[in-house]
Amino acid sequence: MWLYVVASLLGLFLLRRWHRERQTVPRLSEKHVLITGCDSGFGSLLARQLDARGMRVLAACLTEAGAAQLRAATSDRLQTVLLDVTSSKSIADVTAWVRQRVGDQGLWGLVNNAGIAIPTGPNEWLSKEDFVKVLNVNLVGLVEVTLSLLPLLRRARGRVVNVASVMGRVSFFGGGYCPSKYGVEAFSDSLRLEMRNFGVKVSVIEPGYFKTMITNVDNLEKNFYTSWQKLPEEIRTAYGESYLKQFVKMLKILQKTYNSNLSLVTNCMEHALTSLHPRSRYSAGWDAKLLYLPISYLPSALSDALFALFYPKSVGKA
């Protein structure tokens, strides 16, 4: 009896959520959305996706080559601009550029998608500068872009969509990437509460592992060997060269699980921008839903033991 009641209530809840999430924002063709990191990957695909839906896309690229490639694949509605999220001047220039285009109606959507993962590796193999390089793009740049555009977003009672990662829930490799994504989660949570009274909704996208430039194995492998060569002899001896080889081997095994269907992520982004009732968090990819998020709720002793099964073994010398 109780099982029937619980199942019925759950069914009603899911039906209500499905109905709410199908309701879309009116007059989408009048709304401007700025997307960062549009040279490739999620940003490029989302720009093309929203353009095809008739929205006014403002695509921020790091390179002119990336911008030209995107313009060639989209309609005349889409406009591109060059943006370096680590440069305050570049952010200020783009903010002024956006203000000219959106006018009094304000900016409906900001998608903070720009990000990097390299340098990465075991923490002891990296320097402070290695951490700062990643944090400046993934977290500090994201914060500065958001703060610069908040007045325009408040005017439109719009949306902020921040790309975090499942690595903002669990962290099993070193470098600035995981700390930056944990930071994106924290910034988004506080911003969501602060913007509530202004009618601005904030969503976080938490993708699993997808086949993009960030996860490119050749680049990551080159990064590991470069870091290894820079290490003092004492650290190389402590870890042993077999650790490096195991690390690269683990990466190549992980590569086989990468998802090539990037639309699983961009569909979440699109929903966050166009749904009348967007979610606070979106998990994209089977590994995010069935592996990493469940692991994030385990006691640390269990999650550590699980990850340790696949982790390289060091020589262990002091």
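## Exercises on a parallel sheet and its helices

Let's start with one pair of neighbours: strand E1 (residues 32-35) and strand E4 (residues 109-112) run parallel and are joined by 3 bridges. The model you are looking at is predicted.

**Exercise 1.** Find the bridge partner of Val-33 in E4, then say which helix packs on the sheet touching E1, E4 and strand E5 (159-163).

*Solution.* Begin at Val-33 and look across to E4: the bridge partner there is Gly-109. Next, look for the helix lying against these strands. Helix H5 (residues 128-156) touches E1, E4 and E5. Finally, compare directions: that of H5 makes about 175 degrees with that of E4.

**Exercise 2.** Work out the order of the strands in the open sheet, and explain why one side of each edge strand is left without a neighbour.

*Solution.* Step across the 7 strands, and you meet them as E3-E2-E1-E4-E5-E6-E7, with parallel pairing. Now go to the edges, where strand E3 (79-82) and strand E7 (281-284) stand; each has a single partner strand, so one side of each has no neighbour in the sheet. As you move from one strand to the next, the twist averages 15 degrees.

**Exercise 3.** Follow the chain from E5 to E6 and decide whether the crossover is right-handed or left-handed.

*Solution.* First check the pairing: E5 and E6 run parallel, with 5 bridges between them. One of these pairs Arg-159 with Lys-201 in E6. Then trace the connection, which leaves E5, passes through helix H6 (residues 177-195) and arrives at E6; this β-α-β crossover is right-handed. While you are at E6, note how covered the strand is: 6 of its 7 residues are buried.

**Exercise 4.** Determine how many bridges pair E6 with E7, and find the residue opposite Pro-207.

*Solution.* Count along the two strands: E6 and E7 pair in the parallel sense over 4 bridges. Opposite Pro-207 you will find Ala-284 in E7.

**Exercise 5.** Take helix H9 (residues 241-255) and sort out its buried and exposed sides.

*Solution.* Start with the length: H9 has 15 residues and reaches 22 Å from its first C-alpha to its last, close to the expected 21 Å. Next, pick out the buried residues, namely Tyr-243, Leu-244, Phe-247, Val-248 and Leu-251. Seen down the axis of H9, the buried residues fall within an arc of 135 degrees, so they line one face of the helix. Their cover includes helix H7 (217-230) and helix H8 (233-239). Last, turn to the face away from the buried side, which carries the exposed residues Lys-245 and Lys-249.

Note on methods. Residues numbered from 1 in each chain as written. Predicted model: local features only at pLDDT ≥ 70, side-chain atom pairs only at ≥ 80, totals over all residues. Heavy atoms only, no water. Pairing = 2+ DSSP bridges. Axes fitted to C-alpha atoms, helices over the stretch in contact; angles between N-to-C directions. Contact = heavy atoms within 4.5 Å. Expected span 1.5 Å × (residues − 1). Buried < 20%, exposed > 50% of the residue type's maximum accessible area, 1.4 Å probe, protein only. Arc of directions from axis to C-beta. Right-handed = clockwise from strand over helix to strand, strands pointing away.
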